[in-house]
Amino acid sequence: MNHTGIDIRQFEAKLLALRDALASTEDAETDAKRPVELDQSSVGRLSRMDAIQVQAMSAEAARRNDIKRQRVATALTRIANNAFGLCLECEEEIHPKRLEFDPTLLLCVECANAREQ
Ligand SMILES: [Zn+2]
């Protein structure tokens with residue numbers, strides 16, 4: 001059974017909106033993943049370094065977005081499986097305020113703290 005203390009549909013809508021928002025950033029990321037072209041005629045050494053640095057930052061942002069997309073997909077699967085809002089470790093209901101802050105959280109505050117230590 002999903003979390004009983006929250007409006008699941010509301011969280012589902014929020015997660016779907018998040019998924020759409022993340023999907024729309026994907027095109028920009030595809031460009032960023034292309035290798036930096038070495039074109040000495042139009043690009044000097046310094047700007048090539050800049051290009052590499054910009055690309056590294058884009059790649060990092062893309063990696064973070066991949067993780068976010070994965071987390072959103074997991075949360076949506078958990079809604080489908082009637083396990084949304086339940087802690088993965090102890091199966092207690094995660095505090096609604098915590099889920100409002102981040103609907104992709106999978107642990108209650110106690111288990112999240114225990115894991116960090
Ligand atoms: Zn827990």
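Two residues count as being in contact here if their C-beta atoms, placed from the backbone, lie within 7 Å. Take V72 as a starting point: setting aside its neighbours within four places in sequence, V72 is in contact with L15, L18, R19, L22 and T104. The model behind these values is a predicted one.

As for the overall layout, the chain has five helices and zero strands. Read from the N terminus, the order of elements is simply α-α-α-α-α. The chain holds 117 residues, and 11% of them are buried. Of the contacts between residues at least 6 apart in sequence, 60% join residues at least 24 apart.

How far can the model be trusted from place to place? The mean pLDDT of the chain is 88, and 84% of the residues reach 70 or more. Confidence bottoms out in helix α2, residues 26–32, with a mean of 64, while helix α4 has the highest value, at 96. Where pLDDT is low, the predicted coordinates should not be read in detail.

Which residues make up the largest nonpolar core? This core has 10 residues: F11, L15, V72, A75, F84, L86, C87, I94, L99 and C108. Two elements, α1 (8–23) and α3 (45–80), give two or more residues each to this core. V72, met above, is one of the core residues, and L15, another of them, is among the contacts of V72.

Helix α3 also holds A73. A73 counts as partly exposed because 14 other C-beta atoms lie within 10 Å of its own, and a residue needs 20 or more to be buried, or 12 or fewer to be exposed. A73 and L15 sit 58 residues apart in sequence, yet their C-alpha atoms are 8.4 Å apart in space.

Two further residues of helix α3 can be placed relative to E26. One is A62, which lies in α3 and is partly exposed, with 17 C-beta neighbours inside 10 Å. The C-alpha atoms of A62 and E26 are separated by 7.9 Å, with their positions 36 residues apart along the chain. The other is D66, also found in α3; D66 counts as partly exposed because it has 13 C-beta neighbours inside 10 Å. From D66 to E26 the C-alpha separation is 9.2 Å, and the two are 40 residues apart along the chain. E26 belongs to the residue range of α2, the helix with the lowest confidence in the chain.

Next comes the loop between α3 and α4. This loop is where E93 is found, ahead of α4 (96–101). Is E93 buried, exposed or partly exposed? E93 is partly exposed, since 18 other C-beta atoms lie within 10 Å. Not counting residues up to four places away in sequence, E93 touches H3, T4, G5, G85 and L86. L86 is itself one of the core residues. E93 and N2 are 91 residues apart along the chain, and their C-alpha atoms are separated by 8.7 Å.

The backbone has a couple of oddities to show as well. Most residues other than glycine have a negative phi. N82 is not a glycine, yet has a positive phi of about 60°. E91 is not a glycine either, and has a positive phi of about 65°. N82 is found in the loop between α3 and α4, and E91 is found in that loop too. N82 is exposed because 11 other C-beta atoms lie within 10 Å. For E91 the number is 10, so E91 is exposed as well.

Methods. Residues numbered from 1 in each chain as written. Predicted model: local features only at pLDDT ≥ 70, side-chain atom pairs only at ≥ 80, totals over all residues. Core = buried A, V, L, I, M, F, W, Y, C linked by C-beta atoms within 7 Å. Helix = DSSP H or I, 4+ residues; strand = E, 2+ residues; numbered from the N terminus. pLDDT = per-residue confidence, 0-100.
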